[in-house]
Amino acid sequence: TEIYTLSLHDALPISGLQRDELGYVCTGRDLPGWGDLERNPYPLETNLSGLFCVGDVRHSSIKRVSSGVGEGSMAISFVHQYLALQPAAAPPLLVPA
């Protein structure tokens, strides 16, 4: 599992990311469709399962620094919940020297 932090500039070229008519990234209940039928999206999760979006780049966000900071702290909680649902990775094989 990999975790990335993206800025507004970085988020724009992500292939398949659902956006509104103004180019803002749709998340949670604002998503027009959700591909993962086993669960509902987390509130700050994009249509790409496990990819979360916060701050000014998000559709219908309040464009204030304090809101972005609060959303970021919420996203950390959602990331932990998302990772807890993922199957555990197999430990690396140790080969004797």
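I will talk about the nonpolar core and the aromatic pairs of this structure, and then about one buried asparagine. Please keep in mind that this is a predicted model.

Let me begin with the core. The largest nonpolar core has seven residues, namely Tyr 42, Leu 44, Phe 52, Ala 75, Phe 78, Val 79 and Tyr 82. Within that set I would look at Phe 78, which, leaving aside residues up to four places away in sequence, touches Tyr 42, Pro 43, Leu 44 and Phe 52. Phe 78 is buried, because its relative accessible area is 13% and the cut-off is under 20%.

Now to the rings. A search of the whole structure finds three aromatic pairs, and I will describe two. In one of them, the ring centres of Tyr 42 and Phe 78 are 5.8 Å apart and the planes stand at 25°, so this pair is stacked. Tyr 42 belongs to the loop between H1 and H2 while Phe 78 belongs to helix H2, so the pair ties together parts that are 36 residues apart in sequence. Tyr 42 is buried too, with a relative accessible area of 12%.

In another pair, Phe 52 and Tyr 82 have ring centres 6.3 Å apart and planes at 75°, so here the arrangement is edge-to-face. This pair also links distant parts of the chain, with Phe 52 in the loop between H1 and H2 and Tyr 82 in helix H2, 30 residues apart. Tyr 42, Phe 52, Phe 78 and Tyr 82 form one aromatic cluster.

Finally, the asparagine: Asn 47 sits in the loop between helix H1 (8-11) and helix H2 (65-85), and is buried at a relative accessible area of 16%. What does the side chain of Asn 47 reach? The partner is the backbone oxygen of Gly 16, at 2.8 Å.

Notes. Residues numbered from 1 in each chain as written. Predicted model: local features only at pLDDT ≥ 70, side-chain atom pairs only at ≥ 80, totals over all residues. Heavy atoms only, no water. Core = buried A, V, L, I, M, F, W, Y, C linked by side-chain atoms within 4.5 Å. Buried < 20%, exposed > 50% of the residue type's maximum accessible area, 1.4 Å probe, protein only. Contact = heavy atoms within 4.5 Å. Helix = DSSP H or I, 4+ residues; strand = E, 2+ residues; numbered from the N terminus. Polar contact = N/O pair within 3.5 Å; in protein donor to acceptor, adjacent residues only side chain to side chain. Phe/Tyr/Trp six-rings, centres within 6.5 Å; stacked < 30°, edge-to-face > 60°.
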